[in-house]
Amino acid sequence: MQITFLGGCQAVGGSGIFVNAGESRILADYGIYMNRRNEPKFPLPPPEEVDAAFMTHAHLDHSGAFPKLYASDDFPLYLTPPTYDFINLLYDDMFRLQRFPFGKEEKRKTLKNSVPINYGENISLNHDCKVTFLNAGHIPGSYSLLIEAEGKRLLYTSDFNTIKTQLLEGANFGHLKLDALILESTYAHEIHPNRATTEKQFISTVNKTLQDGGTVLVPAFAVARSQEILCLLHKNLMDYPVTLDGMARGASRIMTQYPDYVRDYELLLKSLSSCHWVKDSRDRVNAIFSPGIIVSTAGMLQGGPIDHYVNLLAEEPNNAVLLVSFQVPGTPGRTLLETGQYPMGGKMSKVNSLVKYFNFSSHSDRTQLFNTIESLKHNSNPTVFLVHGEKTVCTTFREEVEEEFKLETFCPKNGEAFII
Ligand SMILES: [Zn+2]
């Protein structure tokens, strides 16, 4: 089996992996990468014609570049039904925000080539390669990929989370026997705070703001994070109105159609039906002028109705802006967090309301990554490839994995190929 890394090496974004497995040529993920100037970049082109492609989840750093390939090619693209609906939504948003060398027609072709699969299922390619889809616990519909061919077993975790959240069951790979492991390393350098503690602190900050007569603004990603927060709010606060706005509404609507892809469907339904879905500008005004909570996209304060809310809420010290998503350097959210300033009316102004960050990460942290390798090590001694992490994070993690587990470990570069 030969693995060629096309993108997402020593960086976060633009994932792409090509595998020669038996007679089959497999592409796993093909995402976009945004550089600091906010220009889209793509993984290297697949080195050979693709027989079958796999989209592990809807996030654009894993899914966004597929339309580029479908401009001139046709091959089946295996994804879960929620992922299909999410990319249908997210691709349009991607085209709105940036110029791409592809558009609606390539999107249509991507969707047309899609083949729905579910967790636990497997498919056979050319009778000598088996591919199995495992819950990755990252966002609804996300999977990890187990490829078996030539007597070898390779797991590509993609983005995964092993802890149970409001929305999802955690991933568990402990039973697998592997020859190779492609592991995401996003948070290999960091231990996330205990989730229950974060939830408690978040709820108590929300409560205090509301009791003081303030409004709470929660900028959140459309897919998964918004619904995670709504579930948490529903379980803990009953007396104040919760308003939902932005693309999170479309993503929520999609999620209600897939009971099998969330941990507690009843909770999700109750959370979504008990909040106010913004229909027009009057709803937006109402949400601001009464104590309550507004959950809206975009999570990093870049685009969507969030700008309107920050502009109207930020001057009042009683209000709170609670960031619950990772803030990429250079985004207005990161600037707000680091400097307490936000562009209002065309100029950077001081935000008087409370600004606080809460870590609701959907990636495995350092401890989870070590535990995952340890559990796999009980059954086998896979070669480990670290991807989806900043360069220094990957290289440090590589030394630690080799030292701790005595496993051959690599931080591949884009374009590098390995035979296992
Ligand atoms: Zn992701």
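Seven bridges join strand β10 (residues 129-135) to β11, and the two strands run antiparallel. That pairing belongs to a predicted model. The domain assignment of the chain gives domain 1 (2-190 + 362-419) and domain 2 (195-357). The points below go from strands to helices, then to domains and single residues.

**Strands β10, β11 and β12**

- Strand β11 covers residues 143-149. It is mostly covered, with six of its seven residues buried.
- On the β10 side, Val 131 stands opposite Ile 147 in β11.
- β11 also pairs with strand β12 (residues 152-156). This pairing is antiparallel and runs over five bridges.
- Here Ile 147 stands opposite Leu 154 in β12.
- β11 and β12 form a hairpin, with two residues between them. Glu 150 lies in the turn and has a positive phi of about 55 degrees.
- Strands of a sheet pair through backbone hydrogen bonds, either parallel or antiparallel.

**The seven-stranded sheet**

- An open sheet is formed by seven strands in the order β8-β7-β6-β3-β2-β1-β24. Its pairing is mixed.
- β8 (114-116) and β24 (417-419) stand at the edges. Each has a single partner strand, so one side of each is left without a neighbour in the sheet.
- From one strand to the next, the twist averages 25 degrees.
- Within this order, β7 stands between β8 and β6. Strand β6 (residues 52-54) and strand β7 (residues 77-79) pair in the parallel sense, over two bridges.
- Ala 53 has Leu 77 in β7 as its bridge partner.

**Helices α6 and α8**

- Two packed helices are described by the angle between their axes and the distance between the axes.
- Helix α6 spans residues 225-236, and helix α8 spans residues 265-273. Their axes come within 9 Å and cross at roughly 85 degrees.
- That crossing makes α6 roughly perpendicular to α8, because angles of 65 to 115 degrees count as such.
- From α6, the contact takes in Gln 227, Leu 230, Cys 231 and His 234. From α8, it takes in Leu 267, Leu 268, Lys 270, Ser 271 and Leu 272.
- By class, this contact of α6 with α8 has five nonpolar, three polar and one charged residues.

**Helix α7**

- Six of the eight residues of helix α7 (residues 248-255) are buried, so α7 is largely enclosed by the rest of the structure.
- The buried residues are Ala 248, Arg 249, Ala 251, Ser 252, Ile 254 and Met 255.
- They pack against both helices and strands. The helices are α3 (81-97), α6 and α8. The strands are β15 (242-245), β16 (276-277) and β17 (293-296).

**The two domains**

- Domain 1 is made of two stretches, 2-190 and 362-419, and domain 2 is 195-357.
- The C-alpha centres of domain 1 and domain 2 lie 29 Å apart.
- In the contact between them, 21 residues of domain 1 meet 18 residues of domain 2.
- The side of domain 1 that touches domain 2 has eleven nonpolar, five polar and five charged residues.

**Backbone details**

- Asp 29 is found in strand β3 (residues 24-30). Its phi is near 65 degrees, a positive value in a residue other than glycine.
- Asp 29 has 30 other C-beta atoms within 10 Å, so it is buried.
- His 388 lies in the loop between β22 and α13 (391-405). It is not a glycine, yet it has a positive phi of about 55 degrees.
- His 388 counts as buried, because it has 29 C-beta neighbours inside 10 Å.
- A cis peptide bond joins Thr 297 and Ala 298, with omega about 10 degrees. Ala 298 sits in the loop between β17 and α10 (306-313).

**Thr 383**

- Thr 383 is placed in strand β22 (residues 383-387).
- With 17 other C-beta atoms within 10 Å, Thr 383 is partly exposed.
- Leaving aside neighbours within four places in sequence, Thr 383 is in contact with Asp 179, Ala 180, Leu 407, Glu 408 and Ile 420.
- Thr 383 and Pro 82 are 301 residues apart along the chain. Their C-alpha atoms are separated by 32 Å.

How values were computed. Residues numbered from 1 in each chain as written. Predicted model: local features only at pLDDT ≥ 70, side-chain atom pairs only at ≥ 80, totals over all residues. Axes fitted to C-alpha atoms, helices over the stretch in contact; angles between N-to-C directions. Helix = DSSP H or I, 4+ residues; strand = E, 2+ residues; numbered from the N terminus. Parallel < 35°, antiparallel > 145°, perpendicular 65-115°, else oblique. Contact = placed C-beta atoms within 7 Å. Nonpolar A, V, L, I, M, F, W, Y, C, P; charged D, E, K, R; others polar. Buried ≥ 20, exposed ≤ 12 C-beta atoms within 10 Å, placed from the backbone. Domains from an automatic or database assignment. Pairing = 2+ DSSP bridges.
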